[in-house]
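Morning, everyone. I have one structure for you today, and I will keep it short.

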Amino acid sequence: MKRKTLTLAVGLLALGATPAMSQTRTVELKVIETSDVHGHFFPYDFIEGRELRGTLARANTYIARQRKQYGNRLLLIDNGDILQGQPCTYWSNYVMPDDTNLAAEVINYMGYDAETVGNHDVETGHRVYDKWVREVRCPMLGANIVDTRNQLPYVRPYAIIEVEAPPSAPIRIAIIGLLTPTIPCWLNESLWTGLEFQEMVSSARRWVQYVQQVERPDLILGLFHSGLDGGITMENGIEENATRRVAQEVEGFDAIFFGHDHQVHNITLKNPSGRDVLCLDPSCYVRNVAEATIRLSYDEQGRLTGKDIQGKIVDVRDEAIDEQMVAHFQPTIDRIKQYVGRRIGTFATAAYTRDSYFGPSAFTDFIHQLQLQITGADVSLNAPLSFDAKIDAGPITVADMFKLYRFENQLYVMKMTGAELRGHLEMSYDLWVNTMQGPGDHLLLLAPDSRSDQQRMGFKNYTFNFDSAAGIDYEVDVTRPDGEKVRILRMSDGTPFQEDKVYRVAMNSYRANGGGDLIVRGAGIPKDSLQSRIVYQSELDLRHYLMQEIERLGTVRPKAGNNWRFVPEKWTKAAARRDRQLLFGK
């Protein structure tokens, strides 16, 4: 249990207070949240080799100012997804796994009071995240992450932080952590073996009641790695993003700090008794922090009589860099720069993610061809994982591999029938393209209100679910209704494509485990049978094998495979030019 020292503010609450209120005291606390840091620790982009706005090194300057004002009345909390993103996390997790995890070192240096586990933290596997949990000095929270051996929480369900308030009893603050429970939809069980991720609303209700009865806190805060609402819903009804439901259906929370959806939120919801629950989400990459100012009122007997909680989102992108923090980590930063700067090969021509949205592209098809070559599969499925990445012609370094392949997914091969493969592609293109009614319509399925979402950027749906295929030749008729757009012509080697034949299909682990629902809803393969369909699973992440292959080849000449096209071309070519201009300006 952590104790904080507090200088108590004593005085009249307002003008016109009566003598009976003369002993009323108020205490003001500050809570600051970071979320979805994704390795953005330092003001340097290890992928692009340039300065980064935001990052924890800038946020810490703002946090230090607040600490100067609030002292130990400031609580600093993080909401997970910190172990994946910038190459510095990959370097720490997999290249130097025996050293203290860099994410733990940063959390400890900044003096966080609590942290939750995020889905991308679980993605690193037991060896990495179990060690990280041990190395972080603040409480690691996850009330709904259950150890199947004993049905107890795998990490701490909640933390109690006491703020000393002499002469009365300390202020007791409970922080309950929860993780989105849809981990099995994205990650193979080998990464979370022995764990169960329970539904959030019932878990929150159970732990709030426990904390109220056993700990009797003055404040109950939520720290949820789960978005506001929406996202996927599992067959058993478990939701990916359940923060809104918890706030509105569970009695007891004063404020909820959340994340995971990479969106900015500052809203107040009503709980079952009609009381306000402040809900804050700073989005991702430490461009912002979420901040709550909490004012507690006590009567002359020391009883809590009132709470006033105000929230705001603070932009820290242009804060001054905490030079002392950077100096502390400079030897590690230099080692990471040396690692990502290592040359591994040469690209003869440039490759662009943006080309992938309008037809076959050198960027996507290079990965397709390597997946087929590495696995010997019949067909490859792949989507652009970065919205607008570019690999220039010339020397290729380790840093470029994080543009080529953003996530630490493994490479899988699954058995799929031809009909299932077509269903998978039907759903992909339904998410991807518009149903054109005339030549002036959009080719792509766009939504102007999504420009602020770093994973959609103008699209209605997430671009990392826009799977194309290699190994087959096909057409996508954008004038046809959803579910009827894809016409598979033949295998690319000229042999007939058969709907009832079983094919070996290469894809990443996210997709093979049901990520994006393309395998389950599109292909129609039941979730509980996915594991039985897997015939190959790589030991290491796909980026490792891509890097290995580039080193073997020396010079790579990526080019579009041209095995599929949008039709009718008299409409789609002009529409593609218009949409490209709209999204990218050229």
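What pLDDT does the protein chain average, and what share of the residues score at least 70? This is a predicted model, so that comes up front. The chain averages a pLDDT of 92. At least 70 is reached by 94% of the residues. Now the weak spot. Residues 1-22 have a pLDDT below 50. In the model, that stretch has 46 contacts beyond near neighbours in sequence.

On to a sheet. Five strands make it up, and it is open. The order is β26-β22-β29-β25-β30, with mixed pairing. Look at the edges. β26 (468-470) and β30 (534-541) each have a single partner strand, so one side of each lacks a neighbour in the sheet. From one strand to the next, the twist averages 25°.

Take the β30 end. Strand β25, residues 410-417, runs antiparallel to β30, and four bridges join the two. Within that pairing, valine 413 sits opposite tyrosine 536 of β30. Then comes helix α11, residues 418-432, which packs on the sheet. Helix α11 touches β22 (379-382), β25, β26 and β29 (502-508). Its direction makes about 115° with that of β25.

Last stop, strand β11, residues 158-163. Is β11 enclosed or open to the outside? Six of its six residues are buried, so β11 is largely enclosed by the rest of the structure. In a regular strand, side chains alternate between the two faces of the sheet. Here, Tyr158, Ile160 and Glu162 point one way. Ala159, Ile161 and Val163 point the other way. All of these are buried.

The partner of β11 is β12, residues 171-179: antiparallel, six bridges. Glutamate 162 has arginine 172 of β12 as its bridge partner.

Conventions: Residues numbered from 1 in each chain as written. Predicted model: local features only at pLDDT ≥ 70, side-chain atom pairs only at ≥ 80, totals over all residues. Heavy atoms only, no water. Pairing = 2+ DSSP bridges. Axes fitted to C-alpha atoms, helices over the stretch in contact; angles between N-to-C directions. Contact = heavy atoms within 4.5 Å. pLDDT = per-residue confidence, 0-100. Buried < 20%, exposed > 50% of the residue type's maximum accessible area, 1.4 Å probe, protein only.
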